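Visitor: I am new to this one. Please walk me through it.

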Amino acid sequence: MALRLYNTLTRSIEPFRPAHPPRVTFYSCGPTVYDFAHIGNFRSFLAADLLRRYLEFSGYSVRHVMNMTDVGHMVDDEAADGGGPDKLEVARQRLLESKKAGTLPAGVDLDPSDPLAVGSYYADAFLADARVLGLKVASEVQRDPRLMPRPTQYIAQMIALTQRLIARGHAYVAADGVVYFDVQSFPEYGRLSGNTLEQLRSGAGGRIDEANQAMKKHPADFMLWKPDPTHLMRWPSPWGEGYPGWHLECSAMALDLLAGGDQPTIDLHSGGEDNIFPHHECEIAQSCGATGQRFFARHWFHPRHLFVEGEKMSKSKGTFLTLRDLLAAGHGPAAIRLELIKTHYRSNANFTFQGLRDTERMTARWRAFVERGEASASDRPADESVVGEFAEAMDNDLNIAGALGAVNKWIGGVEEPSRADAALMRRLDGVLGVLERPEQADAALLAALGVTPQRQEVDAARVEQLLTDRRAARAARDFRRADAIRDELAAMGVEIKDSAQGTTWSVRRP
RNA sequence: GGCCGGAUACCCAAGCGGUCCAAGGGGACGGAUUGCAAAUCCGUUAUUCGCGGGUUCGAAUCCCGCUCCGGCCUCCA
């Protein structure tokens, strides 16, 4: 029984074999910090988190690094090598306007004239969101900041890497002073994405800025360093003051943080499917070009994109939902996490509010199961066979639907959960990470994130008064009156449950 | 054009040659419970797996063809 995982590099499902078990080195391309992350971003980060948790469940010790990109990249990438306003600059302007309009969350004291502060603002927001969703690395980073590095702290390593690539004949300084990677010096270029240099050459026509092309030896040559004394964020370098190419950071950080010493390659590398080409292709070229190794990462993991209500979402279209949007609408962290991980990572998931409601029912049932079990006096041992079924499914390229099926079948078959059943569910949840999340975001959490609930707070005193009236009406067997009160509560968005222990109420979810 | 996926009930979705007259979740319907509800519990809900051929004792699962759908191919997780 061992994990078999799809590897983009070989386009097949193959046994996952780290170089030095039980250690696993895992690098994830993380978010850019020019805006709040959307749920599509989180779907892919959570897929990586699920993989990491399952590896740990399987006995591995995982060192997981996820970067947060804070080097200002260009908005206008018609020219892949830069052009248009800087994304950080755009973010800065947006925050400046928010500040003027007074819509920045209370307690935020930010100097939007400082680009690093802008990046830090969104990086902090990302970390807060990621912790709400149970992304393990976002908690670990509090103990070890190196686990979530930022490129602006790795400029020296990027420059060194560029120098090494020039020295080894994989990069050149063009007539415009820009340092380019020479793809023709690296025959493996295209291996990951299935492209060939010929295809790239013919496909490049019309999409690439002509003036820029003239400087390069091949249309697919990509920038490593661009001297530009006018750029928002710039650093001195042997090639003049400027900024690094946007693929360079991951090579520099992954090699520095994970591939040192006895391990010249890393075991696992993840990123959204859009990263396969060109980003990861270029990372491989840079890293292998510099190290001389055949591999940079031996196993590549690429979750597919998330759709929302059947529509493709994208940052540039601005059609995205953030975690904060969902929390504001009254949805809870546990169900949001499960909803984002419950579709197989290599399928396009379609986020729908109907699906989220389905998932809320499932998490509520799990929670009731664990709470009843933990309150139980029964010492009856748990039926561990569910662990085997769960692991068998997960071993099959993270077959999450099969694993959830095993869990639900097991839960459905237990008449009255014991303490051992509850403990077993908690153990499986160590992989899923759902029950460890709160069911509802409480007021303190919402305030910490600067989220304003959409729903008006209901007047609890008024509810209690109505419930008292209803109790009296029911005692008098005046059911018309009692039902009228229930309708009135429903109109306020309050649902009630009568039980032998009395009546409880809750605010209806959207 | 190149590369890569997908098509299973009302919806989501597992299944990788026999143990499948096909898991699991949601929904719907019937019942228990309730003053009535809600919640909960029990039961029912695909002789069939996009279409057509083929291989095989045996196919949702393998092969061929067809029809649809989606993703990536220098913004994006």
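**Rings, sheet and chain**

Visitor: Does Tyr122 count as buried or exposed?
Guide: Buried means under 20% relative accessible area, exposed over 50%, and partly exposed in between (1.4 Å probe, protein chains only). Tyr122 has 3% relative accessibility, so it counts as buried.

Visitor: What kind of model is this?
Guide: Residues are numbered from 1 along each chain as its sequence is written, while chains are lettered from A and ligands numbered from 1 in the order in which they are written. Side-chain values use heavy atoms, with hydrogens and water left out; local features need pLDDT of at least 70, side-chain atom pairs count only at pLDDT 80 or more, totals for chains, interfaces and linings use all residues, and the model is predicted.

Visitor: How many aromatic pairs are there?
Guide: Rings of Phe, Tyr and Trp (its six-membered ring) pair if their centres lie within 6.5 Å; planes under 30 degrees apart count as stacked, over 60 as edge-to-face and the rest as tilted. By this rule the number of aromatic pairs is 19.

Visitor: What is the angle between the planes of Phe36 and Tyr122?
Guide: These two rings form an aromatic pair, 5.2 Å centre to centre. The pair is edge-to-face, with the planes at 85 degrees.

Visitor: How many residues apart are Phe36 and Tyr122?
Guide: Helices (H or I, at least four residues) and strands (E, at least two) are DSSP runs, numbered from the N terminus. Phe36 is in the loop between strand 3 (23-28) and helix 1 (39-57), and Tyr122 is in helix 3 (residues 115-132). The pair links distant parts of the chain, 86 residues apart.

Visitor: Which other residues does Asp35 touch?
Guide: Asp35 is in the loop between strand 3 and helix 1. At 18% relative accessibility, Asp35 counts as buried. Contact means heavy atoms within 4.5 Å. Not counting residues up to four places away in sequence, Asp35 touches Arg94, Tyr122 and Phe320.

Visitor: Which residues form one aromatic cluster with Phe181 and Phe186?
Guide: Phe181 and Phe186 are both buried. Their cluster also holds Tyr189, Phe222 and Phe277.

Visitor: In what order do the strands of the open sheet run?
Guide: Two strands pair if DSSP finds at least two bridges between them. The open sheet has four strands, and their pairing is antiparallel. Their order is 5-6-7-8.

Visitor: Which strands stand at the edges?
Guide: An edge strand here has a single partner strand, so one side is left without a neighbour in the sheet. These are strand 5 (171-173) and strand 8 (242-244).

Visitor: Which residue is the bridge partner of Val179?
Guide: Strand 6 (residues 179-181) and strand 7 (residues 222-227) pair in the antiparallel sense over three bridges. In strand 7, the partner of Val179 is Trp225.

Visitor: How many residues of helix 9 are buried?
Guide: Helix 9 (residues 276-291) lies across strand 6 and strand 7. This helix is mostly covered. Of its 16 residues, the buried ones number 13.

Visitor: What is the radius of gyration of chain A?
Guide: Chain A has 18 helices and 15 strands. The globule rule (2.2 Å times the number of residues to the power 0.38, with the radius taken over C-alpha atoms) gives 24 Å for 510 residues. Chain A comes close to that, so it is as compact as a globular protein of that length, with a radius of gyration of 26 Å.

Key
Axes fitted to C-alpha atoms, helices over the stretch in contact; angles between N-to-C directions.
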